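Q: I'd like a close look at just one part of this model, please. Take me through it slowly, and tell me what the terms mean as you go.

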Amino acid sequence: MENPEEKGHHSDTAESEGGGKNSTAHFSLLPETKTAAAADDCVVEISLDVPEDSVAVHSVKTATAAAAGEVQDPELNILPAKGMEKKSSSGSSFARNASSTIRQVSLGMKRLASVTRRPQPAGRLHRTESAATHALNGLKFINKTGGGGGGGGAAAAWAGVEQRFKKITSTTNGLLPRSHFGECIGMNEESKEFAGELFDTLARRRHIAGDSITNVQLKEFWDEINDQSFDSRLQTFFDMVDKDADGRITEDEVREIITLSACANKLTNIQNQADEYARLIMEELDPNNIGYIMIENLETLLLQGPGKSSLASASTRNLSKMLSEKLKVTKEHPLKMWCRDNFHYFLIDNWKRVWVMGMWIGVMGALFGYKYVEYKRKDDVFEVMGHCVCMAKGAAETLKLNMALILLPVCRNTITWLRNKTRLGVAVPFDDNLNFHKVIAIAIAIGVGIHGISHLSCDFPRLLNASPEKYEPLEPYFGKNQPTNYGQFVKGWEGVTGILMVILMAISFTLASPWFRRNRVKLPKPLNKITGFNAFWYSHHLFIIVYTLLIIHGIKLYLTHQWYKKTTWMYLAVPVALYGGERLFKAFRSRVKAVKILKVAVFPGNVLSLHMSKPQGFEYKSGQYIFVNCAAVSPFEWHPFSITSAPSDGYVSVHIRTLGDWTRQLKTTFTKVCQPSPTGKSGIRSVDYLEGEDNHNCPKVLIDGPYGAPTQDYKDYDVVLLVGLGIGATPMISVVKDIVNNMKALDEAGENENASLEGGTHKRKKTGSHSPSDTQDIKTRRAYFYWVTREQGSFDWFKGVMNEVAEMDHKGVIEMHNYCTSVYEEGDARSALIAMLQSINHAKNGVDVVSGTRVKSHFDKPNWREVYKSIAVNHPNARVGVFYCGAPPPVRELKQLASDFSHKTTTKFEFHKENF
């Protein structure tokens, strides 16, 4: 350790708190620098965790980031990284000295943690620093988004509250009514009742009798609910429950606060079972059955770590103190850094897309250039029509190519066969088929614009205004009589077909845009009929007319008369034949492979579940999807849905959420044949049909598929991260069920625990079960499933799967995480009682109060950076497949994190998303 008077200093203290001792160590390394400003630019703060007798890096942040509240990733600094940059000799020397000092600091802190630890009396729960910190974080009355927002800390938050106070009280003589208290302090409408109870609690303490307060009283309220003292917040929360202010909480008061919290968090099931859960809390905190609980009992529950019952003792103390280290920043040319950090990584992540797009653009450019040069060499034509005709003909040649190519990405059977039966998937991004389809559509729109504008605004006017001498060589193309107006061009086959194609494609392109397809454009009746999926579906079938007109347009050319130079039909022949064959095959297969409805269920959240018989020879992989048709709704419409059953199940199931006209009518049609749930649970209706039982009352359903999707390739990865948002969990559920079924098969076969768990390529017995004998080619060893939904009722959709995983997975192969975003983040006072109740009920009954399953739920949204970080730390040098299905918002973050962690750690993340 260096002497304090040289390059650093060290101090340590020991303080007593709540019967335990906490140690604090301060270290700093001061490099030789001439100015304070230069030194400040190099400050890095490192936070260490010292649980029991170990030391771990908790966080690393620069001084600038620390001031702004930004935390760096510690694991990214300690994991072996790819492509470490070279430092200057002085910087390297200083880093080595810093590393040596940190090791000494770690040993010193470990010694302090060991020395200051003292035996605790049995049965007593002490308020250790870590426990108090956890409890304090669990009683925040104002979350991070409330109270004013923005930067500036407490002052800025109060400024926002004051601004809202002035706005609200502008018509109430400067008095804030109780009904607007929640709005004023930054709570949303759902928390109005909770805010009212908080208002009453704070008013009782100050003996305020009325339902209004002044600005001064509001400031007192604000200071109290933002008090950083654990005892103060605990007392405030206790007083909220203890409405009669007698210092005791009865079962009725517990029931009332449970109902209030459940209402604020939109947890209907908990609200309906408030009596049962109130008794549970009283049994836990009032074991002597005296009829009430005291603040000490509530403190006991809050002071325990997350996820532990009050019966468990707190045995871990976290000690995190900040260390300062002076490091020199590596200097590098900005252009070189950009190339390394952006362009290089972009090529690594997108090389499949790059070569496909490059080849496509190259072919278009070659065709355009070929036609341009060809017409430039036609002296008679070029002299009159100039470069305009060259541009028009070059664009026309690219249009022929793109009108042929645009059909290939939607030949789903062909793509599925190529994905499953060939190795082309290694180099071809089949997952981007629909994206490529859209890019080609954009290129077609650009080509049509160039072609049409070049003709109408350039070469046709030159032709109309040409002198008789210049026009004479063009008589074989346009006739002996020189055109005198545009009408003569429009009346011909070329003009009529061209204009009609432009109109039909404009309609199809417009209704296929996200604004119209997803009903984002709100139009008055009856114009609202042109928005939604139905309008997109039917307008897209105008392509039949468009391709007919295109062939006619390509035959009736002004400047080309030889049949072998009329190449439009040559471009279109193979793609049109392939697409037409697929449509015929689809129609034939769906009627031959008839399905019988085995089970129908209608769940909360407007979700319809259909269990259908598996057609003879129907085989699929987890993650694939099928098209569903119901003639009772529409005999022509087919809609895609992910398969939620596993390949080894004896049935095929889909879960369909009501999002449009077709799905709404389908749900209504099947609801008529369903009966209310025998358990009496609200929102659930179902009907089961036994083998051989007549179900003629059930609507007839046809299916077509299966078709390939990104998730089906999960077996190629060592570790998989499955992320489903709402109904987007459907393909992930199939994967999870497949893993569970193979766990059963492996257990039955007596395979050792290192055997593979994915059986997509296993031979199947006649009973439909997997055979675990052929597992050597399967890589998957660990799965993480994150399901994020905003409604508590959504967990009913796959409750059986969740419970089965929890019961079967004794080896910890599948890690399940449920997130309910309607519940306020962990740490918010509005969800504090829900968290307590969740902890008690899960410890006692093994059931989560939010999801109703054995899988414990989390509140708010996942911290995706922490998720990636954990996987990178636990699985170094592994290939991790990240599969996402759901709404678009999280895609950018998940994809960026996959790229960042792949480049900065030894774990390779590969991101895939469903087109949802």
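A: Let's look at one sheet and the helix that goes with it. First, some ground rules: this is a predicted model, where local features need pLDDT of at least 70, side-chain atom pairs count only at pLDDT 80 or more, and totals for chains, interfaces and linings use all residues. Residues are numbered from 1 along each chain as its sequence is written, and side-chain values use heavy atoms, leaving out hydrogens and water.

Now for the sheet: it's an open one, made of three strands in the order β11-β10-β15, with antiparallel pairing. (Strands are DSSP runs of E with at least two residues, helices are runs of H or I with at least four, and both are numbered from the N terminus; two strands pair if DSSP finds at least two bridges between them.) At the edges you'll find β11 (639-642) and β15 (701-707), each pairing on one side only. Going from one strand to the next, the twist averages 30°. (Axes are lines fitted to C-alpha atoms, for helices over the stretch in contact, and angles between N-to-C directions run from 0 to 180 degrees.)

Zoom in on β10, residues 625-630: four bridges join this strand to β11, and the two run antiparallel. Here Ile 626 stands opposite Phe 641 in β11.

Finally, find helix α27, residues 661-671, which packs on the sheet and touches β10, β11 and β15. (Contact means heavy atoms within 4.5 Å.) The direction of α27 makes about 65° with that of β10.
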